[in-house]
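Please look over the chain below. This report covers confidence, salt bridges and helix packing.

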Amino acid sequence: MLKNKLKKLLIILSITSISTNILANEEKIGFMNNIKQLKEISDVMDIIQENFVGDKKIDKTILMQGALKGMIDSLEDPHSNYFSKKGMEDLEGKMKGEYSGVGMIIRKGANEPVTVELLIEGSPAFNAGIRPNDKILYIEDKSTYDIELEEASRLLKGKSGTKVKLKLYRESEKKEREITLTRADIKLENVRSKMLDGNVGYIKLTQFAEDVDLEVKRELEKLLSQGMEGLILDLRNNPGGIIGQAIKISSMFIEEGVIVSERPKKGKEIFSYREGKYYGDFPLVILINEGSASASEIVSGAIRDYKRGLLIGEKSFGKGSVQVVLPLPDEDGIKLTIAKYYTPKGENIHGKGINPDIVVEEDEDYLFYDGFITNVNDKDQEASKEKLLTSVVGKEKAEKLIKKEDKQLKTAEAAVISMIKERKNKK
C-alpha cells in the first residue's frame with residue numbers, strides 16, 4: 001500500500017517536471033531526493049485515516065487533494081491554484097467561453113469585498129435583480145473580504161441546477177439582502193462590433209478565450225469591408241485569458257517584432273514574435289481601465305511600446321505574471337505561476353499597471369449604459385436598458401444616465417476621427 005502511494009506521488013512529480021520544463025537539471029529533483037518528505041506525507045495520511053474522528057468522511061483521495069492544495073496555498077500566490085476534477089472542467093469551459101454559473105463578471109481590490117462588474121442579460125444573476133456595483137459580502141458562509149478573486153469566481157460556478165447563496169449590499173439602498181441563485185449553463189459572446197460615425201469601427205472584446213482571435217478577425221474584416229478607416233478596440237473590464245490569443249490579436253495591428261517575452265525562474269528569456277495576417281496601420285485606439293488585466297495588458301503594452309496607437313481611459317490592473325495549467329493523474333490539476341512577462345521594451349507591469357496616453361475617468365455613479373455583456377443583438381438590447389437602469393437607480397436618475405455619454409468611448413471616437421483627418425491632410 002505504501003509503495004502504491006509513493007508511486008502515485010512520483011507520477012505527479014514527473015508530470016509536473018515534464019510539463020513545465022522549468023526546473024534546472026542541476027537541481028535535486030525526483031523521487032529519491034524527495035523521499036523523506038514523501039514518507040512524512042504518507043505517514044500523516046495513515047495517521048489521519050486510522051485515528052481521525054469527525055463528521056467528514058475521508059479517503060486517501062481527499063487527503064491527497066488536501067496535501068496538494070496545501071502545497072499550492074503555501075506559495076501565497078493568488079494566481080497559483082489547485083483545482084479538483086470539477087474545477088478543471090469549469091476552468092476549461094471558461095476558456096472556451098462557456099461554463100455553468102450565475103452570469104457575472106466580478107472584481108476585487110485589496111481589503112475589499114467582491115464587486116459585480118458586468119452581467120450577462122438573461123442569466124440567473126441578471127434575472128434576480130443583481131446589478132453592476134453591487135457588493136457581494138458573502139458567498140455561502142465565506143466572507144469575500146477573506147478570499148481571493150479566483151476563489152470567489154470558483155465558488156460562484158457550479159453544475160447547472162445547483163444553488164448558491166449570496167449576501168449583497170447595494171450602496172444606493174444602504175442595506176444588505178440575501179439571495180439564492182440557481183446556476184445555469186452560460187455561453188459568453190466574447191466579441192461585439194459596430195460602426196460609429198466617421199467610419200470609425202468599434203470592437204469590444206470581453207475576454208481572451210480559446211479561438212477568440214478568429215472572432216476578432218471576422219468582425220475586423222467585416223468593418224473593413226464597410227469602409228472602416230480607424231478602429232477602437234475596447235478592452236475595458238477584460239480580465240485576460242490565454243496569452244497566445246493576446247499575441248495573435250496584437251499581431252493584427254503590429255507589422256513586425258516581439259509582442260511579449262517571458263522570463264522563467266531558470267533558463268533563457270522566451271520571446272514571442274508577431275504572427276498571422278497584418279491588417280494595416282489605420283488609426284487605432286485601445287480603451288483600458290482598472291479591470292483590464294493580463295492578456296489585455298499584453299496587447300496594450302505592445303501597442304504602446306511600438307507607438308502603434310493611443311491608449312485611452314484609466315490605468316490598467318497590473319498583472320504581469322504567466323500561469324500554466326498542469327493536469328494531474330486523477331483529472332485534477334494545478335495552475336502555477338512559472339514566469340513574468342515583459343512588454344516589447346522590457347517592462348514588467350506587475351503591480352504597476354499601464355498608464356493610458358489620455359486619462360479619462362468615468363463618474364463613480366455612471367453605469368456603462370452600453371457596457372453589458374449580452375447574448376442578444378443591439379436592437380433587442382435597447383428595449384431592456386431603460387428598465388434595467390430604472391431598477392438600479394430609479395426612474396429619474398435612469399433618464400439622466402440614458403442621456404449621458406460614455407466619456408471614454410467618446411474621447412476615443414474623437415481621437416480616431418482626428419487621426420483620420422490628419423492622415424488625409426498629409427496625402
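The sections below go from model confidence to charged pairs and then to helices.

## Confidence

This is a predicted model. The chain has a mean pLDDT of 83. Of its residues, 82% reach 70 or more.

Two stretches call for caution. Residues 1-26 have a pLDDT below 50. Beyond near neighbours in sequence, this stretch makes 31 contacts in the model. Residues 365-376 also fall below 50. Here the model has 50 contacts beyond near neighbours in sequence.

## Salt bridges

Side chains of opposite charge can pair when their charged atoms come close. The salt-bridge count for this model is 24.

One of these joins Lys-204 to Asp-234, with an N to O distance of 3.8 Å. The pair links distant parts of the chain. Lys-204 sits in strand β11 (residues 200-205), and Asp-234 sits in strand β12 (residues 230-234). The two residues are 30 apart in sequence. Are these partners buried or exposed? Lys-204 has 6% relative accessibility, so it counts as buried under the 20% limit. Asp-234 is at 0% and is buried too. The pair also belongs to a network of salt bridges, which links Lys-204, Asp-234, Arg-236 and Asp-406.

## Pairs between buried and partly exposed residues

Lys-222 bridges to Glu-219, and their closest N and O atoms are 2.9 Å apart. Both residues lie in helix α7 (residues 212-225). They are three residues apart, about one turn of the helix. Glu-219 is buried, at 9% relative accessible area. Lys-222 is partly exposed, at 37%.

Arg-170 and Glu-173 form another salt bridge, at 3.5 Å from N to O. Arg-170 is buried, with a relative accessible area of 10%. Glu-173 is partly exposed, with 36%.

## Packing of α7 and α8

Helix α7 also packs against helix α8 (residues 243-251). Their axes lie 9 Å apart. How do the two helices run relative to each other? The angle between them is about 20 degrees. Angles under 35 degrees count as roughly parallel, so α7 and α8 are roughly parallel to each other. The crossing of α7 past α8 is right-handed.

Which residues meet here? Val-212, Asp-213 and Val-216 come from α7. Gln-245, Lys-248 and Ile-249 come from α8.

## The enclosed helix α9

Helix α9 spans residues 295-305. Of its 11 residues, 10 are buried, so the helix is largely enclosed by the rest of the structure. The buried residues include Ala-295, Ile-298, Val-299, Ala-302 and Ile-303. Charged residues Glu-297 and Asp-305 are on the buried list too. So are Ser-296, Ser-300 and Gly-301.

What do the buried residues of α9 pack against? Their partners are β12, α8, β13 (258-264), β15 (284-288), β16 (310-313) and β18 (333-342). Two of these appeared above: strand β12 holds Asp-234, and helix α8 packs with α7. After α9 comes Lys-307, with a positive phi near 50 degrees.

Key
Residues are numbered from 1 along each chain as its sequence is written. This is a predicted model: local features need pLDDT of at least 70, side-chain atom pairs count only at pLDDT 80 or more; totals for chains, interfaces and linings use all residues. Side-chain values use heavy atoms; hydrogens and water are left out. pLDDT is the predictor's confidence in each residue, from 0 to 100. Contact means heavy atoms within 4.5 Å. A salt bridge is a side-chain nitrogen of Lys or Arg within 4 Å of a carboxyl oxygen of Asp or Glu. Buried means under 20% relative accessible area, exposed over 50%, partly exposed in between (1.4 Å probe, protein chains only). Helices (H or I, at least four residues) and strands (E, at least two) are DSSP runs, numbered from the N terminus. Axes are lines fitted to C-alpha atoms, for helices over the stretch in contact, and angles run from 0 to 180 degrees between N-to-C directions. Angles under 35 degrees count as roughly parallel, over 145 as roughly antiparallel, 65 to 115 as roughly perpendicular and the rest as oblique. A crossing is left-handed if the near helix is turned anticlockwise from the far one by less than a right angle, and right-handed if clockwise.
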